[in-house]
Amino acid sequence: MTMRANAVADLRSSAIAASYIVAAVLFIFGLKRLSSPATARQGNRLAAAGMTLALVATLLDRQIVSFWTIAIGMAIGAAIGTYFARTVQMTAMPQMVALFNGMGGATAALVSVAEYLRLARNGADAGAGEEISIVLGTIIGAVSFTGSLVAFGKLQEILSGKPLQFPLQKALNGFLLAAIALLGFVIVAGTGETAALWALFATALLLGAMFVLPIGGGDMPVVISILNSLTGLAAALTGFVLHNQMLVVAGVLVGASGTLLTLLMSNAMNRSVANVLFGAFGSGLVAGSGTADDTPRSIRQTTAEDTAIALAYARSVVIVPGYGLAVAEAQHTVRELATDLEKRGVSVKYAIHPVAGRMPGHMNVLLAEANVPYDQLLEMEQVNGEFAQTDVVLVVGANDVVNPAARDDPSSPIYGMPILDVDKARNIIVLKRSMGHGFAGIENALFHHEKTRMLFGDARKSLTEVGQSLKSA
Amino acid sequence: MSVELVLGVYVFILAMFVGFEVIARVPSVLHTPLMSATNAIHGIVVLGAMLVAGGADTPLLKTLGFIAVVFGAANVFGGFVVTDRMLEMFRKRDDDEGKRGG
């Protein structure tokens, strides 16, 4: 009888282990398939299949004695997640990712805390390595949770997008870090210090919020990317605690992805990650030569009718979308306009800056939503050589990514950031809500260029008017 | 350090190399879906939450496990569904004609 029971238990744990291995492989293949738009959807589904397999296999674990808590929790979580995922606007994708990321961080922290409490109650000695993993998992998960919530608040405009700064901020953060280090040491050195662990959890929650508050709304994509990689790391750490290698693999894959994207984005802005995190960029204190210049500079306004004529009689048009397009939900209108132009024989392309929008690749998603084929979207390196032969560039709600100061003015705070060279085109039409500044809070010389015409107003409204005028042009 | 932990560290390092290799090839067109898909993948930590919730022997552990399962499941399901919604929209010029305006 005992032998039989052993054999069953053995079979069960082998089945779990095998499922976990397959799941890890599916995650890797899924990510591999994400490298081309043609196979990406399949890739995501492979990863989802790996996830399903892993979760079902976990139910076989002998540690699980009560299924009800899991079933009810899963049902509630799945309902919430699926509801938001189905209903969210594509323009709100950055805050959606931030929110889901925060939930993952919270899960990692709670698992670490619970695991410590369980070990402490049973009087089992976890081993120093496991205790360090618990401490780090709690800290990183908690920071990711509140950090993501603040990032969500800033992007959703519940909180002000401006960097929040107050006296002694750095001193406070330093104090929180020191407290966390001390508490972490107490937990690892002692045995069953549950009070210290709760204090650590609370302090890390506070640190997460404090860490993101002083960062400007424009830098949130980088922050989300960092927090994403942190949650991956926290998940990997719980893998150390639970001795589950599949968790380690999945968590590290996410960590690597987040790290790479973070570096790519800060390179695209020509800033260091440290500058993004601690520079309080866009706080309105930057004084570039653009703002210091007191000679009044003229701008030339244009009308929807004139814009329509300029576009209708152009041979080539390049559209440069920016965050203004997302805010105005103008992706469908811009696509309609482009289709009408193509019918007239005008060549239309889109130029996508790597950090246009509020997330890397955000513009691609929005334009894909409007059925723009992805082979019509050009990346910065592909398109920059073409501007000199372009008749009209239509800038829709982009600002800093087309500011020639980044290329020409060494005193500008964004100097060195790679930009789209739209000022090389024959004509430039800028659709903009007002003469307000971009994320960087600096003047844009492009708007005063003699080749530039400004069309003020909400991007969708302006584009609709241009489209109507085009029909009679 | 336990043998299992040492093994974990090996896996950690190797997975890091695999991750960098695989992800470096993803073009910037797909960076938003990539972020969202990896976001769903780290929801795997819900597995730990299931073990906590299913094996809890005190009300406190049960509560912690339950909250963790809810959060983790929202992360997993929401992440995969929203990524699928995004990727569904990516198509080439040839195959978009039939689905225009949809």
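Two strands pair if DSSP finds at least two bridges between them. That criterion underlies the sheet described below. The model is predicted.

## Strand pairing in chain A

Start at one edge of the sheet. In the pair formed by β2(A) and β3(A), A:Ile352 stands opposite A:Glu379, a residue of β3(A). The two strands run parallel and are joined by 3 bridges. β2(A) also pairs with β1(A), again in the parallel sense, over 4 bridges. Here A:Ile319 has A:Tyr350 of β2(A) as its bridge partner.

Further along, β4 (residues 392-396) and β5 (residues 427-432) of chain A form a parallel pair over 5 bridges. A:Leu394 faces A:Ile429 of β5(A).

| Strand pair | Sense | Bridges |
|---|---|---|
| β1(A) and β2(A) | parallel | 4 bridges |
| β2(A) and β3(A) | parallel | 3 bridges |
| β4(A) and β5(A) | parallel | 5 bridges |

What is the order of the strands in the sheet? In chain A it reads β3-β2-β1-β4-β5-β6, an open sheet of 6 strands with parallel pairing. The edges are taken by β3 (377-379) and β6 (452-456) of chain A; each has a single partner strand, so one side of each lacks a neighbour in the sheet. From one strand to the next, the twist averages 25°.

## Helices across the sheet

Helix α12 (residues 304-312) of chain A lies across β1 (316-321), β4, β5 and β6 of that chain. Its direction makes an angle of about 140° with β5(A). Helix α15 (residues 362-369) of chain A lies across β1, β2 (347-352) and β3. The angle between α15 and β2(A) is about 145°.

The loop between α15 and β3 of chain A holds A:Asn371. Phi of A:Asn371 is near 65°, a positive value in a residue other than glycine. A:Asn371 counts as partly exposed because 19 other C-beta atoms lie within 10 Å.

## Chain A as a whole

Chain A has 18 helices and 6 strands. Its C-alpha atoms fill a box of roughly 90 × 50 × 35 Å along the principal axes. Of its 473 residues, 53% are buried. Among contacts in chain A with a separation of 6 or more, 79% join residues 24 or more positions apart.

The domain assignment splits chain A into domain 1 (1-87), domain 2 (103-285) and domain 3 (289-472). Taken over C-alpha atoms, the centres of domain 2 and domain 3 of chain A are 37 Å apart.

## Selected residues

Is A:Gly184 buried or exposed? A:Gly184 is buried, because 22 other C-beta atoms lie within 10 Å. A:Gly184 sits in helix α6 (residues 169-189) of chain A. Leaving aside neighbours within four places in sequence, A:Gly184 is in contact with A:Val135 and A:Leu200. The C-alpha atom of A:Gly184 is separated by 56 Å from that of A:His448, 264 residues apart along the chain.

A:Leu168 lies in the loop between α5 (128-155) and α6 of chain A. Phi of A:Leu168 is near 65°, which is positive in a residue other than glycine. With 9 C-beta neighbours inside 10 Å, A:Leu168 counts as exposed.

A:Glu342 belongs to helix α14 (residues 331-343) of chain A. A:Glu342 has 13 C-beta neighbours inside 10 Å, so A:Glu342 counts as partly exposed. A:Glu342 and A:Ser36 are 306 residues apart along the chain, with their C-alpha atoms separated by 26 Å.

## Interface and core

How many residues of chain B are in contact with chain A? 81 residues of chain B are in contact with 97 residues of chain A. On the chain B side, α1 (3-24), α2 (31-41), α3 (46-55) and α4 (59-88) each supply at least two residues. α4(B) gives the most, with 28 residues. By class, this side of chain B has 50 nonpolar, 20 polar and 11 charged residues.

The largest nonpolar core has 197 residues. Those touching the most other members are A:Phe27, A:Ala250, A:Leu253, A:Val320, A:Val395, A:Val396 and B:Val69. Not counting residues up to four places away in sequence, A:Phe27 touches A:Ala47, A:Gly50, A:Val249, A:Ala250, A:Leu253 and B:Ile41. In soluble globular proteins, nonpolar side chains tend to be buried together.

How values were computed:
Residues are numbered from 1 along each chain as its sequence is written. Chains are lettered from A and ligands numbered from 1 in the order in which they are written. This is a predicted model: local features need pLDDT of at least 70, side-chain atom pairs count only at pLDDT 80 or more; totals for chains, interfaces and linings use all residues. A nonpolar core is a set of buried Ala, Val, Leu, Ile, Met, Phe, Trp, Tyr and Cys residues joined through C-beta atoms within 7 Å. A residue is buried if 20 or more other C-beta atoms lie within 10 Å of its own, exposed if 12 or fewer, and partly exposed in between; C-beta atoms are placed from the backbone. Two residues are in contact if their C-beta atoms, placed from the backbone, lie within 7 Å. Ala, Val, Leu, Ile, Met, Phe, Trp, Tyr, Cys and Pro count as nonpolar, Asp, Glu, Lys and Arg as charged, and the others, Gly among them, as polar. Axes are lines fitted to C-alpha atoms, for helices over the stretch in contact, and angles run from 0 to 180 degrees between N-to-C directions. Domain bounds come from an automatic or database domain assignment.
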